[in-house]
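Here is a short report on one protein model. It starts with the sheet, then turns to the helices and the nonpolar cores.

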Amino acid sequence: MAEVNRILFMRHPQTVANVQHFLSGRKNVDLTPEGERQMFRAIDAIEAWRPDRILTSPLARCKAIGEEAADRLGISCVIMDDLAEIEFGSAQGLTVAQLRTQGYDFPWSRDEEGHSLPAPGAESFEDLMGRATGVLGELSQLSGRTACLTHGGFTRALVGAALHIPLETFWNLRLPNVSSQVLSWDGGRYTLAALGLSPEEVKLRAEHPELLGMDTTVTMERGE
């Protein structure tokens, strides 16, 4: 089955929320000095990967990378609202410890039937997964290479939706800042082609595709 699309999902650089451990969600927050260094590494990696298109969350910590990389490549950078981070509602701006004083926890606790219990106004894990499924459906209609600048929480949902990971475990995925995940769409299903790539690893794979080797499981599945 011919591959029609490869999609790179990159998490944004380190922010003050990441080091101060509060839930930033849909709020624009400043990068740390380390995050600013990471931003330039990320731009170089996207440029080397040479996507046919760049899509970005509307939040500044993602958009800055997408716009600069697109400018270097001479292509457009399109804001895709559904690539935004999980909506934290009343929990936005709180630490997990502060949230617990209000009777909630994060990752969201679940009731006896397994449903997530978000804070007031926040996005449930079920809704988050539904949004991710919708994004994957839109991306499956594209061809070539796509680069998406997004967030740690939403990337977990994207990988979870693509691979049908249960709600109780999808958040266990660890994703460093400016790490990249690559999903391949073959016309019928998504497969995980790469996980947790640093910007330098993205560049290396772009410049030396022979290092990827051959996936022999493809021919095994066809019975060859």
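Six strands form an open sheet in this predicted model. Their order is S3-S2-S6-S1-S7-S8, and the pairing is mixed. S3 (77–79) and S8 sit at the edges, each pairing on one side only. From one strand to the next, the twist averages 20°.

At the S8 end, S7 and S8 run antiparallel and share five bridges. Within this part of the sheet, Ser-180 stands opposite Leu-197 of S8.

Two helices that lie across strands of the sheet are set out here.

| Helix | Residues | Strands it lies across | Angle |
|---|---|---|---|
| H3 | 60–73 | S2 (53–56), S3 and S6 | about 165° to S2 |
| H7 | 199–207 | S1, S7 and S8 | about 125° to S8 |

Now to helix H6 (152–163). H6 has 12 residues. From first C-alpha to last, H6 reaches 17 Å, close to the 16 Å expected at 1.5 Å a residue. Is H6 largely enclosed or open? Of its 12 residues, 11 are buried, so H6 is largely enclosed by the rest of the structure. The buried stretch starts with Gly-152, Gly-153 and Phe-154. Thr-155 and Arg-156 are also buried, as are Ala-157, Leu-158, Val-159, Gly-160, Ala-161 and Ala-162. The cover over these residues includes strands S1, S6 (144–150), S7 and S8 (190–197), along with helix H5. After H6 comes His-164, with a positive phi near 60°.

Next, the nonpolar cores. In soluble globular proteins, nonpolar side chains tend to be buried together. Which residues touch the most other members of the largest core? Among its 33 residues, they are Phe-106 and Trp-108. Four elements give two or more residues to this core: strand S1 (5–11), helix H5 (125–139), helix H6 and strand S7 (180–185). H5 gives the most, with seven residues.

What does Trp-108 touch? Leaving aside residues up to four places away in sequence, its contacts include Ile-86, Phe-88, Ala-91 and Leu-99. Trp-108 also touches a run of residues from Ser-116 through Leu-117, Pro-118 and Ala-119. Ala-122, Glu-123, Ser-124 and Phe-125 are contacts of Trp-108 too.

A second core is separate and has 21 residues. Among them are Ala-42, Ala-70, Leu-149 and Val-182.

Notes:
Residues numbered from 1 in each chain as written. Predicted model: local features only at pLDDT ≥ 70, side-chain atom pairs only at ≥ 80, totals over all residues. Heavy atoms only, no water. Core = buried A, V, L, I, M, F, W, Y, C linked by side-chain atoms within 4.5 Å. Buried < 20%, exposed > 50% of the residue type's maximum accessible area, 1.4 Å probe, protein only. Contact = heavy atoms within 4.5 Å. Expected span 1.5 Å × (residues − 1). Pairing = 2+ DSSP bridges. Axes fitted to C-alpha atoms, helices over the stretch in contact; angles between N-to-C directions.
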